[in-house]
Amino acid sequence: MITGKLLGFCEEEKDIFEGTHKTSTSLSRAPGPPEAGVKGSTSSFPFWPGGMDEPWADLLKKESINKSLFEGDLLDTPPGFKCGMKFERKSQDEMDYMYAQPQKIYLSEVLSMDDTLDLEILNEIEETKEEVDLGKAETEKEPETIVTQDEVLKLTSLPVLNISETAPKPPAPKYEWAVIEDVKYDVEDFHERIPKMAYNWNFELDIFQKRAILHLERKESVFVAAHTSAGKTVVAEYAVALAKKNVTRVIYTSPIKALSNQKFREFKKSFEDVGLITGDVQINPTAFCLIMTTEILRSMLYHGSDVIRELEWVIFDEVHYINDTERGVVWEEVFIMLPDHVNLIMLSATVPNTADFAEWLGGIKKRKIYVIKTLKRPVPLIYHLYTGSVGKNEKNMFKIVDVSGKFLDDKYMEACRSKEKKDNKSKTTGPKGPKYTITPAQEKNVYIGLLEHLQKNDLLPAVCFTFSRKKCNEHAEMLTSQNLVTKEERNRIHKFFHQSITQLKKEDQQLPQIKLMEEQLERGFGVHHSGILPILKEIVELLFQDGLVKVLFATETFAMGVNMPARTVVFDSIRKHDGLNFRFLEPSEFIQMAGRAGRRGLDKEGIVIVLCKADVPDPISLRNMMLGQPTKLQSQFKLTYSMILNLLKIKTFRVEDVMKRSFGESDNQKQQKNYQALLHEATNKLNSVSELDCSICNIDINKYIQEVREARNLREEVMEKKCSQVANKLFTPGRVLVISNSQHQNVLGTLLDVDKENKCKVLVITEKKTLENCQNNTSKDILCPWTNKLLYPNEKQPEVLTITFREISVIGNKVLRIDEKDILKEWSK
C-alpha cells in the first residue's frame, strides 16, 4: 500500500555544476520558476534529447589538462592593476584537498613493478576452456606451453565472456532496434509472470494486450498496431496504472481535442487524479496523468517544463496521424526531443511499415522498440452498396464484400442493374460521364428510404460520415419529419440537455445553434463537427454513447480514435476534397471510418453502407478502397521558424542534428556506410582501369563524334519545324511515334496528349534496366551511337514521358485505339 511516507534517501554528489533552467539542459539542474507552470517558460532550455551524445560527456572523459598550456612565462597582472594572480604550483596535498579526484593507475607504472603475478586468473580461464570443449579434450591433449608475463597481462585484460557465447551465433536479425512480437501464440503463464497486476479488467485480455503489458512491466517501449475498436486503449490504461503505482507521471497525447475530451472522461472514472490541457481549457494540471494534444507536449519539451523530470510514460494515440501534411511534423519533433528516461507507447491503426518506423525510433533513442501487430478484428465488417430510395426501392442494399474479405462481383452487377433500372424511369438528356450530385429532393428521398430500412432491420444507431460541415447541417435539417426515439428516450434527452446547459448564461442558452441542436436531439439526430460549440459536441458524444442519438451526421475527425462505435456506418460519399481537388478516399481513411461499425460484445458483425445517390462507383475504385493496402507511415518533417528559434536558444544544439534524426532521413543514414563502401570500391576500380589504345578508333573517332552531334542537332531542328506545321492534323491520341533523347534511343511509343506549349505526353515501352539507370542521368551531353534500329526490350517497362517536338525521330502512319484519359489517370496514381 502506498502511503506517501518517506522511507529513506540517498545523497548523490555531482562532479560538475548542473546550472539553472536558463543555462543547462541537464535533468539535474535547478528547478524552474513556479510561475512557469506545467507548460514551462520560453526562456528555459529544453532537456537534452535521448539518444543524442550529451555535450558534457566529453568533459567528463578528459583525464587531465594539457600541461603545456602552463609552461613558459604567463602574464599575471592585468593592465592598470598593481598586482595580479601568481601562478604557483600547489603541492599534491593541497590539490587533493581542493579537488578530490579518483586515483589513476598507468600501465607503464604497472609494467615497471617487480611484483609477482597471480596465475589463478589464468588457471580459471584454462578451466573454462576445458569445460566448453569437453569432446575435444578427450581426443586431443594440448601441449604444455610456457606463458610469459606479457601474455598473462593480455589475457587478464580481456573482458569476461559467457560460456554460451562460444556457441555458433544465429544469423543477424533484419532489424537492430525493432523486435517483432509473435501474437499467434497465447501467453500461458501470464498471471504467473505478473501475480499482482497494476490494473484489472472484468474480461479476458487478448494475446496482443498480454504481450504489451509484459513489456510495460519491464519498462520497455512498445508499438501496438491493431484495427479500430480492437482494444488498444487497454495498453494505455495499464501504463497509467503503472505510473500511479510507481508515483510517477504519464502523458497521453492525441491528435484532436474530441479524443482528448473523451479520454479525460474515461480516465477520470478509473484513476480520478487526471488533468486535461488543450488550447481551449486547462483542468487539474498538477495531476499525475495529463491528457493533451501533441502540440502541447511539443511546447512543454521546447520550454523545459519540470513535469518532464517526473515523466515515466508518454502514450501516443493515433500515431498514423504522422502522415498528415500539416501537423505530422509535430510527432517527429516530439519523438526526437523526448529525454532518455521517458518510455514510449505508440498506438496506431494497422500500417504496413510498423517495423521500419520502430527501427527508426529505436535508432534515434538507442533502445529496443517492441512491435506488437495484430490483424484480428473483434467485430468483422460487411460492406454494402445502397441504391434505394423511399418507397418500393428502400430495400435495394447489396452486399459486395463478405466477412472473409472477398469482393462479390455478382452482387456488384446486381447493384448496377438496380441503379440503371431506377434511372431509366426518369432518364433525361445530359452530359456523359459519372454523376456525383443529385437534387436536394432526391437526396432527401434517399435518406428517408435508408432510415426506414435501417429501422426495420434493427441496424441503428448509425454514423453517417459527410465530408462537409455544411452538408452535415443540411442533412440533419432536411429530416425534420423523421422521429427515431420513443417518448421515454425523448424525456431523457430533454432532461440531460437542459441540465448540461445550465452552466451557460441565460442569453447564451437562447443561441440559435443551441435551440436547433435541442430540437434535432429530441428526434434522435445529432451533428458533430468543428463548427459546433464545444459544450454541444460533448453533449452529443455523451448521448451517443448512451444510445440516445440514433443517427449522427459527422465529419472525418469523429473517426480519429474516438471510441464511439455504432451498429452501422454510412458513407454519404466516397470522394473528398483534399485542398487541391476531389479524389476517392484512401484505403487507410476508409478503414478508419468504417471501423466505427460494430459494437464489441453487442454486435456479431458491423454494417458499412456506401450510398449510391447518383451513380454506382466503378469496381476498381471500390476494390482498392475497401481491400487495398493501407498507407505507409511517411515522414512529413519540415523546418519551421519556431523549431529553428527554439533550437538556436542553445549553443550545443544544431539544427542539422535534428534533421538527421527525422524519419525521412532514416534510410539515408542507414545506407550511409554502404554508400561510402560503394564509392570507395568504384574509385579503386576507376583508378585501376588503364587507358585504352585503339589504333583504328584513334584515327577518326573525334570526327565521327562531331558528325553525329551535328546530325542529331540537324534532325531535331527539322522535326521541330515539321511537327509544328502538322501537329493539328497528325498529333491525335494514339499516333505511333519513335522517340530518341538522352535517356532513350529509338523507343516505340504512342501519343497521349499535346498541351498548348507543344509538350507531348507519350506512352513508351522501354527496357526496365534502361529506365532505372536513366532516372539518375538526365544529361543532354550523352552521345548515343547513330542507328535506325528500333529498341526491342527484353524486360518490358511502361513509362509516360513528357517530350518536345525535338525528341521525336519518326512520325508513324498508324493510329491506335486507346483511352488516353484512363492511361494518364492510372499513371498519376
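**Exercise 1. Where is the place of Glu272? Then judge its backbone and its exposure.**

Solution. This is a predicted model.
Step 1: Find the residue. Glu272 sits in the loop between H10 and strand E4 (274-277).
Step 2: Check phi. For Glu272 the angle is near 65 degrees, a positive value in a residue other than glycine.
Step 3: Compare with the general rule. Most residues other than glycine have a negative phi.
Step 4: Classify the accessibility. Exposed means over 50% relative accessible area. Glu272 has 60% relative accessibility, so it counts as exposed.

**Exercise 2. Place Asn746 and decide: buried or exposed?**

Solution.
Step 1: Locate Asn746 in the loop between strand E19 (735-739) and strand E20 (747-754).
Step 2: Read the backbone. Asn746 is not a glycine, yet its phi is positive, about 55 degrees.
Step 3: Apply the cut-off. Buried means under 20% relative accessible area. Asn746 has 5% relative accessibility and therefore counts as buried.

**Exercise 3. Describe how helix H9 packs against helix H10.**

Solution.
Step 1: Take the geometry. The axes of H9 (residues 233-245) and H10 (residues 257-271) come within 12 Å. They cross at roughly 50 degrees.
Step 2: Name the arrangement. Angles under 35 degrees count as roughly parallel, and 65 to 115 as roughly perpendicular. H9 is therefore oblique to H10.
Step 3: Add the hand. The crossing of H9 and H10 is right-handed.
Step 4: List the contacts. H9 contributes Thr233, Glu237, Val240, Ala241 and Lys244. H10 contributes Lys263, Glu266, Phe267 and Phe271.
Step 5: Sort by class. The contact of H9 with H10 has 4 nonpolar, 1 polar and 4 charged residues.

**Exercise 4. Do the analysis for helix H18 and helix H19.**

Solution.
Step 1: Take the geometry. H18 (residues 512-521) and H19 (residues 534-545) pack at an angle of about 10 degrees. Their axes are 11 Å apart.
Step 2: Name the arrangement. Angles under 35 degrees count as roughly parallel, so H18 is roughly parallel to H19.
Step 3: List the contacts. Gln513, Ile514, Met517 and Leu521 of H18 meet Leu536, Ile539, Val540 and Leu543 of H19.
Step 4: Sort by class. The contact of H18 with H19 holds 7 nonpolar residues, 1 polar and no charged.

**Exercise 5. How many disulfides does the structure hold? Look at the cysteines too.**

Solution.
Step 1: Count. There are 0 disulfides in the structure.
Step 2: Test Cys472. Its nearest cysteine sulfur is that of Cys464, 7.6 Å away. A disulfide needs the sulfur atoms within 2.5 Å, and Cys472 is in no disulfide.
Step 3: Check burial. Cys472 is buried, because its relative accessible area is 0%. Cys289 also counts as buried, at 0% relative accessibility.

**Exercise 6. Which residues does a cis peptide bond join?**

Solution.
Step 1: Read omega. The cis bond joins Leu460 and Pro461, with omega about 5 degrees.
Step 2: Compare with the general rule. Most peptide bonds are trans.
Step 3: Place the bond. Pro461 lies in the loop between helix H15 (440-456) and strand E12 (462-465).

**Exercise 7. Map the surroundings of Gly598.**

Solution.
Step 1: Place Gly598 in the loop between helix H20 (587-594) and strand E18 (606-611).
Step 2: Check accessibility. Gly598 has a relative accessible area of 3%, so it is buried.
Step 3: List its partners. Leaving out residues up to four places away in sequence, Gly598 touches Val379, Pro565, Ala566, Arg567, Asp603 and Gly606.
Step 4: Add a distance. Gly598 and Thr568 are 30 residues apart along the chain, and their C-alpha atoms are separated by 6.8 Å.

Notes
Residues numbered from 1 in each chain as written. Predicted model: local features only at pLDDT ≥ 70, side-chain atom pairs only at ≥ 80, totals over all residues. Heavy atoms only, no water. Buried < 20%, exposed > 50% of the residue type's maximum accessible area, 1.4 Å probe, protein only. Axes fitted to C-alpha atoms, helices over the stretch in contact; angles between N-to-C directions. Helix = DSSP H or I, 4+ residues; strand = E, 2+ residues; numbered from the N terminus. Parallel < 35°, antiparallel > 145°, perpendicular 65-115°, else oblique. Left-handed = near helix turned anticlockwise from the far one by under 90°. Contact = heavy atoms within 4.5 Å. Nonpolar A, V, L, I, M, F, W, Y, C, P; charged D, E, K, R; others polar.
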